[in-house]
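Subject: Handing over the structure

Hello,

Here is the structure I promised to pass on to you. Please have a look at it first, and then read my notes underneath.

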Amino acid sequence: YNGVWGTVCDDYWENIHADIVCRQLNYSTPGSAALGRAAFGQGSGPIFVSIPFCLGNETSLDSCIFSVGAQHCSHNQDASVVCQDVCINGSVQLVGGETPNQGRVELCVNGKWGTICGDYYWNIAAA
């Protein structure tokens, strides 16, 4: 928020919110799950979002209406999400990099992940 990373409070954190987060991160939404109580560990820094109101069709969490600044929350209430990593035909993923924005390119075809051969035409423009 305004160029600063922060966490989301788990007050009223539900599966509808998990679906939106998973959709925003390009994961499949069926089977996503909202978890509370800092299920994957407590964050640090500001807790920005509290009590998000979403319709369910949003493509990103910041499209929802929410309270900024959650003074009544602490990091033991950080929201968490589990997304399903389902292979959907035409999806692309990066695998094996040191960070999520780098790695080997894989393409989903017929429900299976496979690599792309880059012998002749794969270059920075194709990437």
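Below is what I found, going from the sheet to the helix and then to a few single residues. Please keep in mind that this is a predicted model.

**The open sheet**

A good place to begin is the open sheet of 3 strands, which are ordered β1-β3-β4 with mixed pairing. Its edge strands, pairing on one side only, are β1 (7-8) and β4 (65-68). As general background, strands in a sheet pair by backbone hydrogen bonds, in a parallel or an antiparallel way.

Both kinds of pairing turn up here. Strands β1 and β3 run parallel and are joined by 2 bridges; to find one end of this pairing, look for Thr 7, whose bridge partner in β3 is Ile 47. On the other side, β3 (residues 47-53) and β4 run antiparallel, with 3 bridges between them. There, Phe 53 has Ile 65 of β4 as its bridge partner.

How much of β3 is covered? Most of it: 5 of the 7 residues in this strand are buried.

**Helix α1 and what it packs against**

Helix α1 spans residues 15-24, and its buried residues are His 17, Ala 18, Ile 20, Val 21 and Cys 22. What do these buried residues pack against? They pack against β2 (28-35), β3 and β5. Just after the helix comes Asn 26, which has a positive phi of about 65 degrees.

Thr 29 belongs to strand β2. Setting aside neighbours within four places in sequence, Thr 29 is in contact with Asp 19, Cys 22 and Arg 23. Thr 29 counts as partly exposed, because its relative accessible area is 21% and the buried class ends at under 20%. If you would like a sense of distance, the C-alpha atoms of Thr 29 and Gly 96 are 23 Å apart, with these positions 67 residues apart along the chain.

**Ser 80 in strand β5**

Next, please look at Ser 80, part of strand β5 (residues 80-84). Is Ser 80 buried or exposed? With a relative accessible area of 7%, Ser 80 is buried. Apart from neighbours within four places in sequence, Ser 80 is in contact with Trp 13, Ala 33, Ala 34, Leu 35, Ala 38, Ala 39 and Phe 40. For Ala 39 there is also a polar approach: its backbone nitrogen lies 3.4 Å from a polar atom of the Ser 80 side chain.

**The salt bridge**

How many salt bridges does a search of the whole structure find? The search finds 1, and it is formed by Arg 104 with Glu 106, whose closest N and O atoms are 2.8 Å apart. The two partners are covered to unlike degrees: Arg 104 is partly exposed, at a relative accessible area of 42%, whereas Glu 106 is buried, at 10%.

**A nonpolar patch on the surface**

Finally, there is a nonpolar surface patch of about 310 Å², made by Val 92, Leu 107, Val 109 and Ile 116. Of these, Leu 107 is found in strand β7 (residues 103-109), and its relative accessible area of 30% makes it partly exposed.

I hope these notes help you find your way around. Do write back with any questions.

Best wishes

Note on methods:
Residues numbered from 1 in each chain as written. Predicted model: local features only at pLDDT ≥ 70, side-chain atom pairs only at ≥ 80, totals over all residues. Heavy atoms only, no water. Patch = residues over 30% accessible without salt bridge, like charges linked within 9 Å, V, L, I, M, F, W, Y side chains within 5 Å. Areas by Shrake-Rupley, 256 points an atom, 1.4 Å probe, with all protein chains shown as cover. Salt bridge = Lys/Arg side-chain N within 4 Å of Asp/Glu carboxyl O. Helix = DSSP H or I, 4+ residues; strand = E, 2+ residues; numbered from the N terminus. Buried < 20%, exposed > 50% of the residue type's maximum accessible area, 1.4 Å probe, protein only. Pairing = 2+ DSSP bridges. Polar contact = N/O pair within 3.5 Å; in protein donor to acceptor, adjacent residues only side chain to side chain. Contact = heavy atoms within 4.5 Å.
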